[in-house]
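Trainee: Could you take one part of this model and go through it closely with me? I would like to see how its pieces sit against each other, and I am happy to start from any single residue.

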Amino acid sequence: MAEIVFYFDCASVFSYIGFEFMEKYRELWNVKVDYRPFYLDKVMARAKNTFSPNKLPYLFADVRRTTGVTKIPFKGMPPKYPYDPTVALRTLQYLKTKYPRNDNQLMRQAMRRLWRMEYFDRKAPESIENVKEALRGLPSPVDSDTIVDAAQTESDTLDAVVQNTRSLEEMRAFGAPTILVYKNGSSEPPQMYFGSDRFEHIAIHLGEEFLPMKQLFANSKL
């Protein structure tokens, strides 16, 4: 089985879109996906990657085009943006570490809830209270409020996010999502891809099926 490492930041709309595509292809390709939270702002600063004022309107127009076709829930950016994603990232890392069953199903459900709060409800999941609100009702063995509180006190959660960030800096990454693809049974180093629109390239590399976005998201089996 091939393995894909998907580096993301909650404060990244293209991480959100890429996640929704990745979840579809995770099922279609039957691949293992390792979701790793990191600090996008630190990686961009290290890479001297800055947004041009001319580029931002296009990026947001592109998001609306993509979500319009795929029906990924999106109403716009939260009024407070960018924001500090530390509470959300630590909480997701905690879920990944403590509840890894079913391919980190709880973590993946929490990721989706946090992004829906951010880009559909247009509320930044920055504070502890907002993250608790987003995760309330999560089908976890422990109350979600307790999970959020515990995630902020265990140093391992922050250490992991910081280490993920450093790993990307060492790889000379520059944005989110950053995706590493390991071929099954291959001794080759992983291929690195950037962005939410590189799945055709990944499909070719793995020898897997690629579907246009309209067809991919219309498939009720995925």
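Mentor: Start with Gln215, which is partly exposed because its relative accessible area of 46% falls between the 20% limit for buried and the 50% limit for exposed. Keep in mind that the model is a predicted one. Gln215 sits in helix 10, which covers residues 213–218. Along the sequence, Gln215 and Phe199 are 16 residues apart, and in space their C-alpha atoms are 14 Å apart.

Now to the part I want to go through slowly, which is helix 4. Helix 4 runs over residues 86–98. Its 13 residues span 18 Å from the first C-alpha to the last, close to the 18 Å expected at 1.5 Å a residue. Of these 13 residues, 11 are buried, so helix 4 is largely enclosed by the rest of the structure. The buried residues are Thr86, Val87, Ala88, Leu89, Arg90, Thr91, Leu92, Gln93, Tyr94, Leu95 and Lys96. Notice that Arg90 and Lys96 are on that list, although both count as charged.

What lies over those residues? The cover includes two strands, strand 1 (3–8) and strand 2 (32–37), together with helix 5 (101–119), helix 6, helix 7 (144–153) and helix 8 (155–170).

Take helix 6, residues 128–135, from that list. Its axis and that of helix 4 come within 9 Å and cross at roughly 45 degrees. An angle of that size lies outside the parallel, perpendicular and antiparallel ranges, and the two helices are therefore oblique to each other. The crossing is right-handed. On the helix 4 side, the contact is made by Val87, Ala88 and Thr91, and on the helix 6 side by Ile128, Val131 and Leu135. By class, this contact has 5 nonpolar residues, 1 polar residue and no charged ones.

Helix 6 also meets helix 7. Their axes come within 9 Å and cross at roughly 140 degrees. Helix 6 and helix 7 are therefore oblique to each other, and the crossing is right-handed. Here helix 6 contributes Ile128, Val131, Lys132 and Leu135, while helix 7 contributes Ser144, Asp145, Val148, Asp149 and Gln152. This contact divides into 4 nonpolar, 2 polar and 3 charged residues. Ile128, Val131 and Leu135 take part in the contact with helix 4 and also in the contact with helix 7.

Go back along the chain to the loop between helix 3 (55–70) and helix 4, where Pro82 is found. The peptide bond joining Tyr81 and Pro82 is cis, with omega at about 5 degrees. Another cis bond links Ala176 to Pro177, with omega near -5 degrees. Pro177 belongs to the loop between helix 8 and strand 3 (178–182).

Backbone angles deserve a look as well. Asn102, in helix 5, has a positive phi of about 55 degrees although it is not a glycine. With a relative accessible area of 51%, Asn102 is exposed. Lys48 also has a positive phi of about 55 degrees without being a glycine. Lys48 is placed in the loop between helix 2 (40–46) and helix 3, and it is exposed, at 72%.

How values were computed. Residues numbered from 1 in each chain as written. Predicted model: local features only at pLDDT ≥ 70, side-chain atom pairs only at ≥ 80, totals over all residues. Heavy atoms only, no water. Axes fitted to C-alpha atoms, helices over the stretch in contact; angles between N-to-C directions. Helix = DSSP H or I, 4+ residues; strand = E, 2+ residues; numbered from the N terminus. Parallel < 35°, antiparallel > 145°, perpendicular 65-115°, else oblique. Left-handed = near helix turned anticlockwise from the far one by under 90°. Contact = heavy atoms within 4.5 Å. Expected span 1.5 Å × (residues − 1). Buried < 20%, exposed > 50% of the residue type's maximum accessible area, 1.4 Å probe, protein only.
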